[in-house]
Structure formats: C-alpha cells, structure tokens
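Please open the structure in a viewer and keep the sequence at hand. The tour below proceeds by selection, from the whole chain to single residues.

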Amino acid sequence: MTHELPARRRAAPFLVLALLPVAAAALPLASVVPDPAARATLLAGRDVRASVTGKVALSLAPSWPEAARVKAALASEDPDVAVEALFFLAEPAPSGADTRLDAAYRVLRGVSSLQGIEYFSESRGRMRLFYEESWRIAGPGDRTRVPDAPPAAPPAFDRVWAWQKDLSFGGNVYEIDYSVSREGAPWSIAMKSTNLTGMRYGIVPVAAPRALSVRVHLVAVDEGLVFWAVSSARAAAVPGMRGKLEDSFGNRAAALFGWFSRAYRQGMGLGS
C-alpha cells in the first residue's frame, strides 16, 4: 500500500535546494582568450598589444559579450587611432566571486590613488610621472575636490568626474563611467574615461572635448583576472601627433595595469 505525501512535505526538498547558494559557473582563461599564442604570452607575465589607425578593427577583444558593445561604440565614435593592450593578473587560488568583485571595484573607483604613478616614456626612454594630480570632483562644472567614496556594494552603473593633470597634456576634467555585469562571466567591470575639456600638448591642440577615451575592462576567470585596455582618440591634424598618441597609449595602459594589480593584490592579501 502506498501513501501520497502531503503537498507541503513533497515541496520541501525543492525549497531547500532553491535556497542553497548557487556556485559561480566555471570560466577558464582559454574561454575568454582562445588564441593559444596570446594566452601563452599572458601566462608568461607579458602583455599583448595592437594598434590601428584609420578604420578601427579591434583584434585583442576577449571572447565575452561586452566586447561586442565596445566594438559597436568605437565604430560610432570613429576614432583615427586606437591601441589595445591585454594583460593577465594570475590568482593561484581565487577567492569567492563577490569578494573579488568588491576588491576590484574599490581599486578602480580609487581615482585619487592614481596620483603619482609613472609610465615609460618612449620619447624620453625612461620612466616619467603619469598623473601629477588626480582626484574626484563634485561634477563636470564644479571642480570642488570630493572623496573617492566608493559605494558599499558595486552598482550596475555609476558615473563620477575627475580632475587629472599629467605632464604631457596638462590638467583636464574627465567623466568616468563604471558598469558591472554578470553576463557571460562570474563578473566583469567596464570603466570608461572621457575627456570633457579640450586637451593640449604644450600650446598645441591635441583633442577636442570627448575626443579621447580610455576603456578598461576586467573579466573574472578561474585562474585570475583578464585586463583589457582600449585607448582611442580623434587626434588633431598635427604632424606627428597621432604617432605620439599611439606610442604613449600602450605604455600608459601598462601603467594602469601595474597600478591596478598592486592595489588589488594588496587588498586581497596576495602579496606583491
């Protein structure tokens, strides 16, 4: 003789399963960087770079949904120079997805911590100060300095403004957008910095407002973090200026990766 369980008791196991935490889907580095040569270079601790002038066709974009949106945005912006740089930050035993996301987001929101970092200057053949000044400001028309003050939890989208002064292009106001997604990865962060003021190299105009953008994209994988930087500009028609921007973009991206990786490792207790 069989006995039918009451509906409430039959549903209980399913309720328990529904309440259990869902583990983040595995995402190996090979899925995001499928090219074996590029992947080997990254795992060896080196970066991969590519540049293009004229019609932009990105070649280092990770295999990840946000990359298609970046390509579409660049096509609409129509820059005449763009430089990609791909880096990898290895984590031998990654922590939970949310812990890594919180730590990475806090670093990227730390606008003031960029002050004082250096990059390698191709024209001078030595390291040079990147940002002489860098801090968050109250708004695009209000240069009052305000704290970095990242939110307690990373929001899906946030926008801040910054004052940054470098030795090449002087002081400028920037709009910085942050986006967080869990589409196609345990998580990813996109950061886009755009100039709101016209940029000059000395007295020479270099870029009109909103003509220069630097994008940084982080994708969490099983082995660590993929760091993809795309710098683009509609440069002024000044002899040699496009070449100068092309040379400096890659090294400045390396400086940003170095800044990020040092702060992230420290925040996660991974050592130097």
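Begin with helix 3, residues 36-43, and colour strand 1 and strand 2 (81-90) with it. Helix 3 lies across these two strands, and its direction makes an angle of about 60° with strand 2. The model on the screen is a predicted one.

**The whole chain**

Now display the entire protein chain, which has six helices and 13 strands. Of its 272 residues, 45% count as buried. The chain exposes about 13500 Å², and carbon and sulfur atoms supply 57% of that area. Consider also how the chain meets itself: among contacts between residues at least 6 apart in sequence, 64% join residues at least 24 apart.

**The sheet**

Next, select the strands of the open sheet. In what order do its nine strands stand? The order is 1-2-13-12-9-8-7-5-6, and the pairing is antiparallel. Strands of a sheet pair through backbone hydrogen bonds, either parallel or antiparallel.

Colour strand 1 (48-53) and strand 6 (142-145), which stand at the edges. Each has a single partner strand, so one side of each is left without a neighbour in the sheet. From one strand to the next, the twist averages 25°.

**The edge at strand 6**

Remain at strand 6 and add strand 5, residues 131-139. The two strands pair in the antiparallel sense over two bridges. Select Gly-139, whose bridge partner in strand 6 is Asp-142.

Then select Arg-143, also found in strand 6. Which residues does Arg-143 contact, leaving aside its neighbours within four places in sequence? They are Ile-137, Trp-163, Val-173 and Thr-197. Add Ala-162 to the selection: Arg-143 and Ala-162 are 19 residues apart in sequence, and their C-alpha atoms are 8.2 Å apart in space.

**Helix 4 and the strands beneath its buried residues**

Move to helix 4, residues 65-77. This helix lies across strand 9 (188-195), strand 12 (212-221) and strand 13 (224-233), and it runs at about 175° to strand 12.

Which residues of helix 4 are buried? Select Glu-66, Ala-67, Val-70, Leu-74 and Glu-77, which are the buried ones. Seen down the axis of helix 4, the buried residues fall within an arc of 105°, so they line one face of the helix. The cover over these buried residues includes strand 9, strand 12 and strand 13. Rotate the view to the face turned away from the buried side, where the exposed residues Ala-68, Ala-75 and Ser-76 are carried.

**The residue after helix 4**

Select Asp-78, which follows helix 4 and is placed in the loop between helix 4 and strand 2. Most residues other than glycine have a negative phi, and most peptide bonds are trans. Asp-78 is not a glycine, yet its phi is positive, about 55°. Is Asp-78 buried or exposed? With a relative accessible area of 53%, Asp-78 is exposed, because the cut-off for that term is over 50%.

**Ala-229 in strand 13**

Return to the sheet and select Ala-229, which is found in strand 13. At 2% relative accessibility, Ala-229 counts as buried. Leaving out residues up to four places away in sequence, Ala-229 touches Val-83, Glu-84, Ala-85, Arg-215, Val-216 and Ala-253. Add Val-214 as well: Ala-229 and Val-214 are 15 residues apart in sequence and 7.2 Å apart in space, C-alpha to C-alpha.

**Glu-175 and Arg-210**

For the last stop, select Glu-175, which lies in strand 8 (residues 170-181). Its relative accessibility is 7%, so Glu-175 counts as buried, the term for values under 20%. Not counting residues up to four places away in sequence, Glu-175 touches Arg-159, Val-160, Trp-161, Lys-192, Ser-193, Thr-194, Leu-196 and Arg-210.

With which side chain does the side chain of Glu-175 make a polar contact? The partner is the side chain of Arg-210, at 3.0 Å. Select Arg-210 in turn, in the loop between strand 11 (204-207) and strand 12. Arg-210 counts as partly exposed, at 45% relative accessibility. The phi of Arg-210 is near 65°, a positive value in a residue other than glycine.

Note on methods. Residues are numbered from 1 along each chain as its sequence is written. This is a predicted model: local features need pLDDT of at least 70, side-chain atom pairs count only at pLDDT 80 or more; totals for chains, interfaces and linings use all residues. Side-chain values use heavy atoms; hydrogens and water are left out. Two strands pair if DSSP finds at least two bridges between them. Helices (H or I, at least four residues) and strands (E, at least two) are DSSP runs, numbered from the N terminus. Axes are lines fitted to C-alpha atoms, for helices over the stretch in contact, and angles run from 0 to 180 degrees between N-to-C directions. Contact means heavy atoms within 4.5 Å. Buried means under 20% relative accessible area, exposed over 50%, partly exposed in between (1.4 Å probe, protein chains only). Accessible areas come from the Shrake-Rupley method with a 1.4 Å probe; for residues, only the protein chains shown count as cover. The arc is that of the directions from the helix axis to the C-beta atoms. A polar contact is a pair of N or O atoms within 3.5 Å; within protein, one must be able to donate a hydrogen and the other to accept it, and residues adjacent in sequence count only if both atoms are side-chain atoms.
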